[in-house]
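Here are my notes for your first look at this model. Keep the structure open and check each point as you read.

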Amino acid sequence: MYRFLLTRQWVILTLVALVLIPTMIRLGIWQMHRYEERAARNQLVTDALKAKPAPVEGLTRSGHTVTSRERYHSVTAKGRFDTDDEVVVRRRVNSNEEVGYHVLTPFVLDDGKVVLINRGWIPDDDTDQSTFPKIPAPPRGEVTVTGRLMPDETTAASGIKNLEGLPDRQIMLVNSEQQAKRLGKEVLGGYVAQTAPEPKGDTPELMGKPGMEDSALNYAYAYQWWLFSAAVPAGWVILVRRELRDRRRKAESEQAARDTTPAAV
């Protein structure tokens, strides 16, 4: 009765099922790994945001690469803004996805070292971005700035090309090494996304808190793949039983037809 399993159609169907089961199991395992990675990154962000503000020079120095554990850590810096060497970062968006600039201002510490402060977003009033925009002035004199420590931007990490030949005082990437060469000063690694003091008139628009990755979605996908892998053999059994039932009914119908057919005289 099970000889039909050796037909071309059923051999192909069985082979496909045998391939799908381990494939779906592996996809579920991969999604679980993605969940664990994202959950770990989210925890690092949460820990950094909850950490007590630390002096910026306690976490970074000239030439230092900001690590994933240091990223978003709240830091403080005491000194003064150097608006003469201020630059803007092109093609940046605000919370409403409007294109404009980020304002990057050197901040001279009491010991003469410089930390780059991203003071926030301003709109783009020039359609071709060929002129330097009007930037609200920061507080004058000595001030204490609080913000989140961020790593240097690179093309590899951001996907943003570091274009050449840009208008004066405009850049594509925030990179402390490049700015150190431009300024001719000792610049601390990474930069600080300002959170306080808040600017007058709410401009520049301060950068919002970093978003969390949706790790729960990967968790759900993992179990979804595993349910699919369990459904494949269950579906195969259901199809086999249905085929058996149909064949038995057909055989019984044929037998009944033969029994009711008058014998030839």
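**Notes on the strands, cores and surface**

1. Start at a turn. β3 and β4 form a hairpin with five residues between the strands. Glu-97 in this hairpin takes a positive phi near 65°. Bear in mind that the model is predicted.

2. Now look at how the two strands of that hairpin pair. β3 and β4 run antiparallel, joined by five bridges. To find the register, look for Val-87, which stands opposite Leu-104 in β4.

3. β3 has another partner. It pairs with strand β7, residues 170-171, in the parallel sense. Two bridges make up this pairing. Here Val-88 stands opposite Gln-170 in β7.

4. Is β3 enclosed or open? Five of its seven residues are buried, so β3 is largely enclosed by the rest of the structure. Buried here means under 20% relative accessible area.

5. Turn to strand β6, residues 143-150. Seven of its eight residues are buried, so this strand too is largely enclosed by the rest of the structure. Strand β2, residues 74-81, pairs with β6 in the antiparallel sense over six bridges. Lys-78 stands opposite Thr-144 in β6.

6. β6 also pairs with β8. The sense is antiparallel, and there are five bridges. Arg-148 stands opposite Ala-193 in β8.

7. Which residues of the largest nonpolar core touch the most other members? They are Leu-104, Leu-116, Val-174 and Val-187, out of 17 residues in this core. The elements that give it two or more residues are α1 (8-50), β3 (87-93), β4 (99-109), β5 (114-123), α3 (176-183) and β8 (191-196). Leu-104 should be familiar: it is the residue in β4 that stands opposite Val-87.

8. Follow Val-174 outward from there. Leave aside its neighbours within four places in sequence. Val-174 is then in contact with Val-89, Leu-104, Leu-116, Asp-152, Glu-153 and Tyr-191. Apart from this core lies another one, of 16 residues. Its members include Val-56, Val-75, Leu-109 and Leu-149.

9. Go back to strand β2 and pick out Ser-74. Is Ser-74 buried or exposed? Its relative accessible area is 13%, so Ser-74 is buried. The cut-off for buried is under 20%. What surrounds Ser-74, leaving aside its neighbours within four places in sequence? Ser-74 is in contact with Ala-48, Ala-51, Lys-52, Pro-53, Ala-54, Thr-146 and Gly-147.

10. Next, the surface. Val-11, Leu-15 and Leu-18 form a nonpolar patch there. Together they have about 270 Å² of accessible area. Val-11 is found in helix α1. Its relative accessible area is 35%, so Val-11 counts as partly exposed. Partly exposed lies between the cut-offs for buried and exposed, under 20% and over 50%.

11. Last, a loop. Gly-208 is found between β8 and α4 (215-260). Its relative accessibility is 57%, so Gly-208 counts as exposed. How far is its C-alpha atom from that of Pro-138? The two C-alpha atoms are separated by 19 Å, and the residues are 70 apart along the chain.

Terms used:
Residues numbered from 1 in each chain as written. Predicted model: local features only at pLDDT ≥ 70, side-chain atom pairs only at ≥ 80, totals over all residues. Heavy atoms only, no water. Core = buried A, V, L, I, M, F, W, Y, C linked by side-chain atoms within 4.5 Å. Buried < 20%, exposed > 50% of the residue type's maximum accessible area, 1.4 Å probe, protein only. Helix = DSSP H or I, 4+ residues; strand = E, 2+ residues; numbered from the N terminus. Contact = heavy atoms within 4.5 Å. Pairing = 2+ DSSP bridges. Patch = residues over 30% accessible without salt bridge, like charges linked within 9 Å, V, L, I, M, F, W, Y side chains within 5 Å. Areas by Shrake-Rupley, 256 points an atom, 1.4 Å probe, with all protein chains shown as cover. Salt bridge = Lys/Arg side-chain N within 4 Å of Asp/Glu carboxyl O.
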